[in-house]
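Colleague: Please take me through one part of this model up close, strand by strand, and then show me what the rest of the fold has to offer around comparable elements. I'd like names I can look up while I turn the model on my screen.

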Amino acid sequence: MKKTIKYDTSNISKKKQIQLYKALLKPRLIEEKMLILLRQGRISKWFSGIGQEAISVGCTMALDSDEKIFPMHRNLGVFTTREVPLKRLFCQWQGKMAGFTKGRDRSFHFGSSDYNIVGMISHLGPQLSLAGGVALSHKLNKREKISLAFTGEGGTSQGEFHEALNTAAVWKLPVIFCIENNGYGLSTPTSEQYACKDLADKAIGYGMKTEIVDGNNVIEVYETIDRIAKKIRKSPEPYLIEFKTFRMRGHEEASGTKYVPKELMDTWAKKDPLKTFENHLIKNAVILQEEVDLWSAEIKTEIKTGLEESYTEPAVSSTETGELADVYAPHSHDDTTPSSEVTEMRFIDAITAGLRESMKRHDNLVLMGQDIADYGGVFKVTDGFTKEFGKGRVRNTPLCESAIVGAALGLTLEGDKAMMEMQFADFVTCGFNQIVNNLAKSHYRWQHKADVVVRMPTGGGMGAGPFHSQSNEAWFTKTPGLKVVYPSTPAQAKGLLIAAIADPNPVMFFEHKGMYRSITEDVPDGYYELEIGKARTVAEGDEMTIITYGMGVHWSTALAEEMKLSADIIDLVSLAPIDYAAIDVSVKKTNRVIILHEDTLFGGIGGDISAYISEHLFEHLDAPVKRVASLDTPIPFDKGLEQIFLPKDRFRVAVGDLLDY
């Protein structure tokens, strides 16, 4: 480590040097004030970037104002360099409505489309994949633009770091990944975080170019990022930059720094990016001390004014209705009447038709998934699509579900649409964090739509065992912000998939593999949408109501025919949101209810529907609500064991018991 900073400003104009200095000074003075307010209880938490400002400022100054930046805890300089109004920043940190998240998120967990800043989530690594998705949009749309994302040395230990870098390298995306290596992840030193000499070395394994930069030297930071940005705007490829720096305060203020040796603090204090650059500029007569004093006074006045304005802003005020209204982005269903012209299709052919119609309708729609390009996917849903729509829009992906969900969200940050195919619904576990924390919460947190559909081939009955047969839809119905749909017929599958892609909200689209080639019907030609959130009455009767979805619809209709059962069969179709009105009408008519689903019993969606009926329709019941579901075990491979697991035989018994009650 160099003991002093050597500034070479020979290629930087005096005007730019002054801009860089003032850009360093502003976040430092804001931080000093925020630390006072923290002690006074005026803000709730603070992650200090003192000593690291050169990285945020140098990177942001090197980018165009319309290029997206993905900051982390210690990147206040990104916001100030982008000239975010101080009043709004202060309101954000006080949790006021005039901030950026309506009081729903704190400190630096926020973004703003107006300033092309994308807010972090606490899981750190996922932001890298989003930046890759933005870069993919730039490349596909032939914009000479880049994206830039920050992470810390601790974040490089996460799997998302590997996935994001690997995907960006394979796809040659114009993105810069910046590691702020500041010595500690909370209290964990780098010696316990990684074994390589330099984190920059990790790029070599991905076939990616890399550089190591003195993160306290604002000139070196600015010139490096400026040079790379200019290069990859013209010739897209990713870069990994390791900035060597140090965290002079705690991970957050409550953590303190007692675990840091004093001599290390003293050494890095001499490399303060603001003071060393200020001394260099004064020594070389670029600025005067009097100017420094004047600028400091002006910034302090701006801070004071911003704080006074923020204090006058009212506290957050909302209602249950207001909070629920922001969970989803607004969307109006296209109520186009389906064509009277029809074609007989299998379920899988209807999925293909829905994708094809959507690709024609939305020229900004990108399909991504393992083996979906020339191979057409393991189920051949996209067979022939690369010839029709090109490999840019129909993309094979590396085997990294999390990075691809993140890239899908990144695409939508630039106004594109994305569909990602999970090869099997079981594999969604590898992308779970991106789905439930980034996709689901994006609009609620900072009013940005997550225009992503995740296709989920699901279900058992084919002897595929515990990792290719799970019914995991209930994992996602629990998560506010996601829509969950589960068609049971080809016509439904086509119209719902088209609707899901048209919807600007994240949709988990479940497709039962057992229906792919076993269910056939006439499907309307052309483009049509079926409204998400509407159930379908499959059959009408008066002996009982069967509430089900997916394969359960076919089990129910077959059993009703066999038993000559007079029953309302309600196909939920949409699991989030649920059409409670349809349930109300049927239960009030039949007075007996059985809920059937292929998912396991405990924690399945049937429990919530049963609770709803008991709470709201109790007086209309002539018998207890029955639930029938798969056994509470992992789904087995052996066909005989699978039959024990699945609810089909238990369903027959339960229907008889309900009739006899």
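**The seven-stranded sheet, starting at β14**

Modeller: Let's start with one pair you can click on: V484 has M508 in β14 as its bridge partner. Keep in mind that this is a predicted model. V484 belongs to the pairing of strand β13 (residues 483-485) with strand β14 (residues 507-512), which is parallel and runs over three bridges.

Now go to the other neighbour of β14. Here β12 and β14 run parallel and are joined by six bridges. If you want a marker for that seam, pick R455, which stands opposite F509 in β14.

From β12, carry on to strand β11 (residues 417-421). β11 and β12 are paired in the parallel sense too, over four bridges. The marker here is A418, standing opposite V452 in β12.

How many residues of strand β12 (residues 452-458) are buried? Seven of its seven, so to speak: the strand is mostly covered. You can split β12 by the way its residues point: V452, V454, M456 and T458 go one way, V453, R455 and P457 go the other, and all of them are buried. Notice that R455, the residue you just found opposite F509, is on that buried list as well.

Zoom out and the order of the whole thing reads β10-β9-β11-β12-β14-β13-β19, an open sheet of seven strands with mixed pairing. The edges are β10 (394-396) and β19 (574-576); each has a single partner strand, so one side of each is left without a neighbour in the sheet. On average, and ignoring direction, neighbouring strands here are turned by 20° against each other.

Next, a pair of helices. Helix α12 (residues 347-361) and helix α18 (residues 490-502) have axes that come within 8 Å and cross at roughly 30°. That angle makes α12 roughly parallel to α18. The crossing of the two is right-handed. On the α12 side the contact is made by F347, A350, I351, A353, G354, L355, E357 and S358, and on the α18 side by P490, A493, K494, L497, I498 and I501. Sorted by class, that contact of α12 with α18 has ten nonpolar, two polar and two charged residues. The spacing of such lists follows a simple rule: an α-helix has 3.6 residues a turn, so residues three or four places apart point the same way.

For something to hold it against, look at helix α5 (residues 126-140) and helix α6 (residues 159-171). Their axes are 8 Å apart and they pack at an angle of about 15°. That makes α5 roughly parallel to α6. α5 passes α6 in a left-handed crossing. P126, L128, S129, L136 and K139 in α5 meet E160, F161, A164 and W171 in α6. By class, the contact of α5 with α6 has six nonpolar, one polar and two charged residues.

α6 also leads you to another sheet: this helix lies across β3 and β7, running at about 150° to β3. The sheet in question is open, with five strands in the order β1-β2-β3-β7-β6 and parallel pairing. Its edge strands are β1 (69-70) and β6 (209-214), each pairing on one side only. β6 runs parallel to strand β7 (residues 239-244), with six bridges joining them. In that pair, I212 stands opposite E242 in β7. Helix α2 (residues 53-62) lies across β1, β2 (147-152), β3 (175-181) and β7, and runs at about 170° to β2.

One last stop, further along the chain. In helix α20 (residues 580-590) the buried residues are A582, I583, D584, S586, V587 and T590. Those buried residues pack against β17 (544-548), β18 (567-571), β20 (593-600) and α21 (605-616). Just after α20, N591 takes a positive phi of about 70°. While you're in that area of the sequence, click on S556 in helix α19 (residues 551-563). S556 is buried, with a relative accessible area of 1%. Leaving out residues up to four places away in sequence, S556 touches I546, T548, I569, L596 and F651.

Definitions and conventions:
Residues are numbered from 1 along each chain as its sequence is written. This is a predicted model: local features need pLDDT of at least 70, side-chain atom pairs count only at pLDDT 80 or more; totals for chains, interfaces and linings use all residues. Side-chain values use heavy atoms; hydrogens and water are left out. Axes are lines fitted to C-alpha atoms, for helices over the stretch in contact, and angles run from 0 to 180 degrees between N-to-C directions. Angles under 35 degrees count as roughly parallel, over 145 as roughly antiparallel, 65 to 115 as roughly perpendicular and the rest as oblique. A crossing is left-handed if the near helix is turned anticlockwise from the far one by less than a right angle, and right-handed if clockwise. Contact means heavy atoms within 4.5 Å. Ala, Val, Leu, Ile, Met, Phe, Trp, Tyr, Cys and Pro count as nonpolar, Asp, Glu, Lys and Arg as charged, and the others, Gly among them, as polar. Two strands pair if DSSP finds at least two bridges between them. Buried means under 20% relative accessible area, exposed over 50%, partly exposed in between (1.4 Å probe, protein chains only).
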